[in-house]
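The following exchange asks on what grounds each structural label is assigned. Each answer sets a computed value against its criterion.

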Amino acid sequence: MAEDEGSVRVDSWIWSVRLTKTRALAAAACRAGHVRVNGERAKPAQSLRPGDEVRVRQDGYERVVVVQKLVRKRVGASVAAECLVDNSPPRPPREFVAAVAERDRGAGRPTKRERRDLNQLRGH
């Protein structure tokens with residue numbers, strides 16, 4: 001399973017070590033700029049080598065991992081844990097996650113004043 005020589009595509013490796021559910025999602029995250037390798041924005045076909053730092057941003061949370069082993073095919077969770085070192089900061093507790101502003105169904109479009117209040121709440 002592990003490849004000692006050569007390199008692996010970053011989208012394939014992210015999917016193989018279970019950071020994303022599908023390879024298509026991994027490639028889409030790369031194209032959208034949510035994946036960085038050694039601080040640089042990564043394209044899906046970029047090569048990875050052991051020792052590279054990979055940052056994957058998902059749902060407002062950033063995973064920071066260091067590549068230990070290269071794998072080309074999806075592996076089990078226990079094997080995937082051996083292929084990386086997780087340096088991610090701890091997730092914030094659920095009570096600190098920002099609340100989403102909701103409107104009552106059928107309330108129509110927000111007025112200009114309500115929109116300003118919503119934008120201020122969101123920090124825009």
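Q: Which elements of the chain have the lowest and the highest mean pLDDT?
A: Strand β1 (residues 2–3) has the lowest mean pLDDT, 46, and strand β3 (residues 35–37) has the highest, 95. The model is a predicted one, and pLDDT expresses the predictor's confidence in each residue on a scale from 0 to 100. For the chain, the mean pLDDT is 86, and 90% of the residues reach 70 or more.

Q: What elements make up the chain, and in what order do they run?
A: The chain holds four helices and nine strands. From the N terminus on, their order is β-β-α-α-β-β-β-β-β-β-α-β-α.

Q: What makes the pair R23 and D11 a salt bridge?
A: The criterion is a side-chain nitrogen of Lys or Arg within 4 Å of a carboxyl oxygen of Asp or Glu. The closest N and O atoms of R23 and D11 are 3.6 Å apart, and the pair therefore meets the 4 Å limit. R23 belongs to helix α2 (residues 23–31) and D11 to helix α1 (residues 10–16), and the two residues, twelve apart, link distant parts of the chain.

Q: Why is D11 called buried or exposed, and why R23?
A: Buried requires a relative accessible area under 20%, exposed one over 50%, and partly exposed lies in between. D11, at 2%, is therefore buried, whereas R23, at 35%, is partly exposed.

Q: Which residues are joined into one network by salt bridges that share partners?
A: R9, D11 and R23 form this network. By the 4 Å rule, the count of salt bridges comes to six.

Q: How is it known that R63 and D86 form a salt bridge, and what does the pair tie together?
A: Their closest N and O atoms lie 3.0 Å apart, and the limit is 4 Å, so the label applies. R63 lies in strand β7 (residues 61–67) and D86 in strand β9 (residues 84–86), so the pair ties together parts that are 23 residues apart in sequence. With a relative accessible area of 21%, R63 is partly exposed; D86, at 41%, is partly exposed as well.

Q: Why are K69 and E82 said to meet in a salt bridge?
A: The N to O distance between their side chains is 3.8 Å, which means that the pair satisfies the 4 Å criterion. K69 is in the loop between β7 and β8 (70–71), E82 is in helix α3 (residues 77–82), and the two are 13 residues apart. At 35% relative accessibility, K69 counts as partly exposed.

Q: What makes S12 a buried residue, and what is S12 in contact with?
A: S12 has a relative accessible area of 7%, and the limit for buried is under 20%, so the label holds. The place of S12 is in helix α1. Apart from neighbours within four places in sequence, S12 is in contact with R23 and R72.

Q: Why is R91 said to lie over the face of Y61?
A: R91 is placed over the face of the Y61 ring, at 4.0 Å from the ring centre. The distance limit for a charge over a ring is 6 Å, so the distance part of the criterion is met. The count of aromatic pairs is zero.

Q: What makes the sheet an open one, and which strands are its edges?
A: Five strands form an open sheet in the order β4-β3-β6-β7-β9, with antiparallel pairing. The edge strands are β4 (40–41) and β9, each of which pairs on one side only.

Q: How is it known that β3 and β6 pair, and likewise β6 and β7?
A: Pairing requires at least two bridges between the strands. β3 and strand β6 (residues 53–58) share three bridges in the antiparallel sense; V35 has V56 of β6 as its bridge partner, and R36 stands opposite R55 in β6. β6 and β7 are joined antiparallel over six bridges, and V54 has V65 in β7 as its bridge partner. Two residues lie between the strands of the β6 and β7 hairpin, where D59 takes a positive phi near 50°.

Q: Why is helix α4 called hardly covered?
A: Buried means under 20% relative accessible area, and the count of buried residues among the eleven residues of α4 (residues 112–122) is zero. Just after α4, G123 takes a positive phi of about 90°. Of the 124 residues of the chain, 28% count as buried.

Methods
Residues are numbered from 1 along each chain as its sequence is written. This is a predicted model: local features need pLDDT of at least 70, side-chain atom pairs count only at pLDDT 80 or more; totals for chains, interfaces and linings use all residues. Side-chain values use heavy atoms; hydrogens and water are left out. Buried means under 20% relative accessible area, exposed over 50%, partly exposed in between (1.4 Å probe, protein chains only). Rings of Phe, Tyr and Trp (its six-membered ring) pair if their centres lie within 6.5 Å; planes under 30 degrees apart count as stacked, over 60 as edge-to-face and the rest as tilted. A charge sits over a ring if NZ of Lys or CZ of Arg is within 6 Å of the ring centre and within 35 degrees of the ring normal. Contact means heavy atoms within 4.5 Å.
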